[in-house]
Amino acid sequence: MTPVLYSHPFSSYCQKVLIALYENDTEFETRMLGPEDPEAYEELVDLWPVKKFPMLKDGSETIHEASIIIEYLQIHYSGPVQLIPQDPAAAVEVRMLDRFFDNYVSTPQQKIVFNAIRNEENRDPYGVQEARDMLDAAYGWLEARMKAREWAAGNTFTLADCAAAPSLFYADWSHPLGDRFPAVTAYRSRLLARPSFARAVDEARPFRKYFPLGAPDRD
Ligand SMILES: N[C@@H](CCC(=O)N[C@@H](CS)C(=O)NCC(=O)O)C(=O)O
């Protein structure tokens with residue numbers, strides 16, 4: 001049985017799962033969520049009325065939430081790259097960093113993007129300022145941490161880096177790191193050079209024109 005990922009290549013949370021799949025060369029099928037296959041989206045909504053993706057379907061099981069999909073893959077489709085450490089104490093740190101990137105980098109970054117694609121009358125400048133403040137706080141915390149680290153949780157590439165890669169990739173487009181956070185900028189470059197993420201970024205290139213704030217050519 002091959003697991004099926006309901007996904008879109010430009011989605012940051014889908015890229016997070018794609019990194020995990022590519023790291024371990026895991027066999028899977030894709031149901032692309034786009035206008036060319038409306039049935040795929042109908043199936044997603046039927047199985048997951050909150051309408052968020054990615055979603056993994058494995059036989060009769062459906063698994064939601066990118067982090068949990070990666071946990072599931074490690075249990076049921078394990079490969080040579082262990083993205084969640086066996087050691088429970090080390091795993092706590094990895095999961096803490098995973099939550100950090102989702103909640104304090106990806107969430108405010110999405111807030112800025114969603115605001116930009118709304119009609120003018122529904123825009124929320126106060127919420128956007130809050131999101132920018134949150135990103136500055138997150139970048140600052142991460143800067144101190146990444147000065148002494150290669151990957152988010154130490155010397156090994158983990159679930160935390162799967163979360164970090166797309167969240168920092170897009171956050172830097174929405175709220176640039178500039179020259180204030182050199183250790184975070186260097187970490188973002190290391191993530192971009194990782195073959196699993198480089199592949200996900202390349203697959204998403206045709207969709208860059210849909211990024212409402214303009215997609216820089218540098219990445
Ligand atoms: N907490 C979810 C977030 C997933 C999420 O926000 N996905 C976006 C795409 S990157 C989405 O489903 N957007 C469509 C929508 O909000 O209707 C996870 O970790 O998987």
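The following passage describes the fold of a single chain in a predicted model, moving from the overall form to the sheet, the loops and the packing of helices.

The chain contains eight helices and four strands, and these elements succeed one another along the sequence in the pattern β-α-β-α-β-β-α-α-α-α-α-α. Along its principal axes, the C-alpha trace extends over about 50 × 45 × 30 Å. For a chain of 219 residues, a compact globule would be expected to have a radius of gyration near 17 Å, and the value computed for the chain, 17 Å, therefore agrees with that expectation.

Two domain annotations are available from an unreviewed UniProt entry. The record assigns "GST N-terminal" to residues 1–81, a span that is 41% helix and 20% strand and whose end C-alpha atoms are separated by 21 Å. The annotation "GST C-terminal", which comes from the UniProt record as well, is placed on residues 87–213; in this span helix accounts for 71% and strand for 0%, and the end C-alpha atoms are 41 Å apart.

The strands form an open sheet of four, arranged in the order 2-1-3-4 with mixed pairing. Its edges are formed by strand 2 (29–32) and strand 4 (61–64), each of which pairs on one side only, and the twist from one strand to the next averages 25°. In general terms, strands of a sheet are held in register through backbone hydrogen bonds and may pair in either the parallel or the antiparallel sense. Strand 1 (residues 4–7) and strand 3 (residues 55–58) run antiparallel and are joined by three bridges; among the paired residues, Val4 has Lys57 of strand 3 as its bridge partner, while Leu5 is partnered by Leu56 of strand 3. Helix 3 (residues 66–76) packs on this sheet, where it touches strand 3 and strand 4, and the direction of the helix makes about 135° with that of strand 4.

Strand 3 is also paired with strand 4, in the antiparallel sense and over four bridges. Within this pairing, Met55 has His64 of strand 4 as its bridge partner, and Lys57, already noted as the partner of Val4, stands opposite Thr62 in strand 4. The two strands form a hairpin with two residues between them, and in this hairpin Gly59 adopts a positive phi near 65°.

Two further backbone features are found in loops that lead into strands. The peptide bond from Phe53 to Pro54 is cis, with omega near 20°, and Pro54 is located in the loop between helix 2 (38–47) and strand 3. Asp25, in turn, has a positive phi of about 55° although this residue is not a glycine; Asp25 belongs to the loop that lies between helix 1 (12–23) and strand 2.

Beyond the sheet, the packing of one pair of helices can be described in detail. Helix 5 (residues 125–146) packs against helix 7 (residues 182–193) at an angle of about 80°, and the axes of the two helices are 7 Å apart. Because angles of 65 to 115 degrees count as roughly perpendicular, helix 5 and helix 7 are therefore described as roughly perpendicular to each other. On the side of helix 5, the contact is made by Tyr139, Leu142, Glu143 and Met146, whereas helix 7 contributes Ala183, Val184 and Tyr187. Classified by residue type, the contact of helix 5 with helix 7 comprises six nonpolar residues, no polar residues and one charged residue.

Technical notes
Residues numbered from 1 in each chain as written. Predicted model: local features only at pLDDT ≥ 70, side-chain atom pairs only at ≥ 80, totals over all residues. Axes fitted to C-alpha atoms, helices over the stretch in contact; angles between N-to-C directions. Parallel < 35°, antiparallel > 145°, perpendicular 65-115°, else oblique. Contact = placed C-beta atoms within 7 Å. Nonpolar A, V, L, I, M, F, W, Y, C, P; charged D, E, K, R; others polar. UniProt positions renumbered as here; feature names shortened; annotations may be inferred. Pairing = 2+ DSSP bridges. Rg over C-alpha atoms; globule rule 2.2 N^0.38 Å.
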